[in-house]
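Trainee: Could we go through this model together, setting each descriptive word against the definition behind it?

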Amino acid sequence: MKPEELPVHDEYDRLLEDRGVWRQATTLEAAGELTARWLEGGSSYQPGHFAAAFDAETEPLAAELAELNRSGLFTKESQPGILADGAAQRQYVTGFCSAETARGLLALSTRTELVTVAHAPGEASSAAIPVTLAGAEIATVLGSSENPVEEAQIQDWAGETNDALALLLADSWYVEILDPVWGRNDLLLPAVLETLKGAEQQ
């Protein structure tokens, strides 16, 4: 096969060149930086996100999420708060971090209205806190650990990134931070960033 005939995108339209950079990311800081670049439009590849770009609802949050990723939280999922006819969402963000960062984010639950669920490395916990409603139906819940614990999960992460990062995530804390007030968007991300910045300065 000639070089010009090699595929440029994967089956999800993500640039293979952008994927290649993730092969070198072996720290949470490096993963956070690459995620920030994706949120800023500088990359079309994000591990575990099977599309070339994020959802439209993430657009208003992208700049703040990029800052979180550069401050010690390698984010995995997020959503804005929404109150509309037939739908309601609580704002939340989830991600991987160090034990020290997890302690700081857990402390948010002691001094604000925010709720933090922290999962220790190797923990396969499961709960169900509703964060998205479609009419009367619960569409999305938080409370389950997303750490790669089982061999198949570690291999999935390794396939999307590299072996070293997959093992690091298995040994990292996974946190879920949510605003209990449906539709609110002005509290959670600034509070999380302030906590992360405070941890950096200690």
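Trainee: What makes S1-S4-S8-S5 an open sheet with antiparallel pairing, and which are the edge strands?

Mentor: In this predicted model, four strands stand in the order S1-S4-S8-S5 and form an open sheet with antiparallel pairing; strands are DSSP runs of E of at least two residues, helices are runs of H or I of at least four, and both are numbered from the N terminus. Strand S1 (74–79) and strand S5 (115–119) are the edge strands, since each pairs on one side only, and the twist averages 15° from one strand to the next. Residues are numbered from 1 along each chain as its sequence is written. Because the model is predicted, local features need pLDDT of at least 70 and side-chain atom pairs count only at pLDDT 80 or more, while totals for chains, interfaces and linings use all residues; side-chain values use heavy atoms, with hydrogens and water left out.

Trainee: How do you know that S5 and strand S8 (residues 173–178) pair?

Mentor: Two strands pair if DSSP finds at least two bridges between them, and S5 is joined to S8 by five bridges in the antiparallel sense. One of the bridge pairs sets Thr116 against Ile177 in S8.

Trainee: What touches this sheet from the helices?

Mentor: H2 packs on the sheet, touching S1 and strand S4 (92–97), and its direction makes about 40° with that of S1. H3 also touches S1 and S4, but its direction makes about 155° with that of S1. Contact here means heavy atoms within 4.5 Å, and angles run from 0 to 180 degrees between N-to-C directions, with axes fitted to C-alpha atoms, for helices over the stretch in contact.

Trainee: Why are helix H2 (residues 28–39) and H3 called roughly antiparallel?

Mentor: Their angle is about 170°, with the axes 8 Å apart, and angles over 145 degrees count as roughly antiparallel (under 35 is roughly parallel, 65 to 115 roughly perpendicular, the rest oblique); H2 and H3 are therefore roughly antiparallel to each other. By class, their contact has five nonpolar, three polar and one charged residues, where Ala, Val, Leu, Ile, Met, Phe, Trp, Tyr, Cys and Pro count as nonpolar, Asp, Glu, Lys and Arg as charged, and the others, Gly among them, as polar.

Trainee: Is Asn69 buried or exposed, and how do you know?

Mentor: Asn69 has a relative accessible area of 2%, and buried means under 20%, exposed over 50% and partly exposed in between (1.4 Å probe, protein chains only), so Asn69 is buried. Asn69 is found in helix H3 (residues 62–69), and among the residues that Asn69 touches, not counting those up to four places away in sequence, are Gly32, Phe74 and Thr75.

Trainee: What makes H6 oblique to H7?

Mentor: Helix H6 (residues 151–160) and helix H7 (residues 163–170) pack at an angle of about 135°, with their axes 7 Å apart. That value makes H6 oblique to H7. The residues of their contact divide into seven nonpolar, no polar and one charged.

Trainee: How many residues lie between S6 and S7 in their hairpin?

Mentor: Two residues lie between S6 and S7, and Gly135 in the turn has a positive phi of about 70°. Five bridges join S6 to strand S7 (residues 137–142) in the antiparallel sense, with Ala134 opposite Glu137 in S7.
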